[in-house]
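Work through the following exercises with the sequence and the model side by side. Each one sets a task and then solves it step by step.

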Amino acid sequence: MNKDVLRYLKCFEAASRLLSFTKAAEELSITQSAVSHQIRELSLRCGFALFERQGNALVLSEKGQDFADTVSHSIAALDDKLQALQRDLDRSVISIYCEPVLANKWLLPRLDRLEAQCLEMTLRLVSAGEIHDADLVIGFEELAHRNVVVVPNEVRLPVCSPDIVSVGASRLSLVDYASETAISLGDFGLETLFGCSWSSWQARFGQDASPTADKETYATVELALQAAVHGRGIVVLRRSVADDDLRAGRLIAASDQRMPVTKPIHLSVKPDSSNVAICLHLRDWLLGQMKAMSRY
């Protein structure tokens with residue numbers, strides 16, 4: 001059966017159900033002449049008339065009625081099967097929303113290992129517009145009506161490129177620290193979520209805890225992080241944001257000072273998800289990965 005016949009059958013199903021070529025054309029978004037042509041072609045292929053005219057009324061012929069019943073039941077069966085397959089597909093997909101900076105700097109480096117926790121499923125990262133429908137959410141807000149855990153004990157720390165540290169040293173000396181550039185985020189909201197202003201750092205640890213040679217301000221977390229990676233200076237960031245670069249050796253801790261984050265990360269699962277058990281397992285695995293940062 002070629003694709004033309006399938007198109008003719010769809011047209012015939014609409015026309016036989018509505019008993020009107022005009023209404024069938026409207027439903028299928030084609031012209032009435034296209035409907036007449038397709039019905040005529042299908043009738044020729046069948047070898048018998050599908051419709052008859054009784055006055056101004058369009059009616060099915062006897063054989064047309066018999067054929068219409070078969071076509072209608074077949075199309076309904078196809079629709080039912082497609083919906084069932086799509087439901088199965090929906091059950092095999094886990095949608096995850098992750099705050100974009102965390103997704104870029106923390107989740108994506110672990111995505112392969114996360115997928116290994118549920119090999120039979122497909123993980124789909126979704127946008128902020130789908131956050132309330134997502135099976136698993138990683139972010140800073142405690143969403144209502146969800147199974148939520150909070151990542152404990154995450155800290156902020158000053159980081160810099162190992163290239164600016166003296167040979168053989170694991171940290172900057174006080175003299176070197178002071179002579180470096182202070183890298184800052186230019187937005188208070190970004191500093192609250194992902195880092196710390198140098199004025200707040202000084203208030204906690206004293207004047208000597210901040211670089212004083214120069215200042216550079218960046219509009220995004222990613223730019224500030226890359227500036228530090230490329231040896232532009234020192235920036236204070238939460239551990240989850242700097243973790244991948246710290247583990248890879250692109251960054252090191254510039255000092256031993258640490259400050260708790262002001263906004264902890266929340267991991268939340270949609271309780272009515274069709275994959276809630278697997279989502280809880282993934283959430284607990286991610287929580288373990290977050291906790292492991294404090295031991296590194």
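A residue counts as buried when its relative accessible area is under 20%, as exposed when that area is over 50%, and as partly exposed in between. The model used here is a predicted one.

**Exercise 1. Decide whether W201 is buried or exposed, and list what surrounds it.**

Step 1: Locate the residue, which lies in helix α9, residues 198-205.

Step 2: Apply the cut-off; the relative accessible area of W201 is 0%, and W201 is therefore buried.

Step 3: Collect the contacts, leaving out residues up to four places away in sequence; W201 then touches R156, L157, P158, Y177, C196, G206, A209, S210, V236, Q257, R258 and M259.

Step 4: Take one of these partners, Q257, and compare sequence with space: W201 and Q257 are 56 residues apart along the chain, and their C-alpha atoms are separated by 9.6 Å.

**Exercise 2. Describe how α1 and α3 pack against each other, and say which residues make the contact.**

Step 1: Two packed helices are described by the angle between their axes and by the distance between those axes.

Step 2: For helix α1 (residues 3-18) and helix α3 (residues 32-46), the angle is about 110 degrees and the axes are 9 Å apart.

Step 3: Angles of 65 to 115 degrees count as roughly perpendicular, and α1 and α3 are therefore roughly perpendicular to each other.

Step 4: The crossing in which α1 passes α3 is left-handed.

Step 5: On the α1 side the contact is made by V5, R7, Y8, L9, C11, F12 and A15, and on the α3 side by V35, Q38, I39, E41, L42 and R45. Sorted by character, the residues of this contact comprise nine nonpolar, one polar and three charged.

**Exercise 3. Carry out the analysis for α2 and α3, and state what kinds of residue form their contact.**

Step 1: Helix α2 (residues 21-28) packs with α3 at an angle of about 105 degrees, the axes being 8 Å apart.

Step 2: This angle makes α2 roughly perpendicular to α3.

Step 3: The α2 residues F21, T22, A24 and A25 meet Q32, V35, S36 and I39 of α3. By character, the residues of the contact divide into five nonpolar, three polar and no charged.

**Exercise 4. Establish whether E13 is buried or exposed, and find the partner of its side chain in a polar contact.**

Step 1: E13 is placed in helix α1.

Step 2: With a relative accessibility of 11%, E13 counts as buried.

Step 3: The side chain of E13 makes a polar contact, at 2.9 Å, with the side chain of R17.

Step 4: When neighbours within four places in sequence are left aside, E13 is in contact with V71, S72 and I75.

**Exercise 5. Examine the positive phi values of S29, N153 and G231, and place each residue in the chain.**

Step 1: S29, a residue other than glycine, has a positive phi near 60 degrees; S29 lies in the loop between α2 and α3 and, at 67% relative accessibility, counts as exposed.

Step 2: N153, a residue other than glycine, has a positive phi near 65 degrees; N153 lies in the loop between β6 (147-150) and β7 (155-160) and, at 64% relative accessibility, counts as exposed.

Step 3: G231 follows α10 and has a positive phi near 80 degrees. In helix α10 itself, residues 221-229, the buried residues include V221, A224, L225, A227, A228 and V229.

Notes
Residues are numbered from 1 along each chain as its sequence is written. This is a predicted model: local features need pLDDT of at least 70, side-chain atom pairs count only at pLDDT 80 or more; totals for chains, interfaces and linings use all residues. Side-chain values use heavy atoms; hydrogens and water are left out. Axes are lines fitted to C-alpha atoms, for helices over the stretch in contact, and angles run from 0 to 180 degrees between N-to-C directions. Helices (H or I, at least four residues) and strands (E, at least two) are DSSP runs, numbered from the N terminus. Angles under 35 degrees count as roughly parallel, over 145 as roughly antiparallel, 65 to 115 as roughly perpendicular and the rest as oblique. A crossing is left-handed if the near helix is turned anticlockwise from the far one by less than a right angle, and right-handed if clockwise. Contact means heavy atoms within 4.5 Å. Ala, Val, Leu, Ile, Met, Phe, Trp, Tyr, Cys and Pro count as nonpolar, Asp, Glu, Lys and Arg as charged, and the others, Gly among them, as polar. Buried means under 20% relative accessible area, exposed over 50%, partly exposed in between (1.4 Å probe, protein chains only). A polar contact is a pair of N or O atoms within 3.5 Å; within protein, one must be able to donate a hydrogen and the other to accept it, and residues adjacent in sequence count only if both atoms are side-chain atoms.
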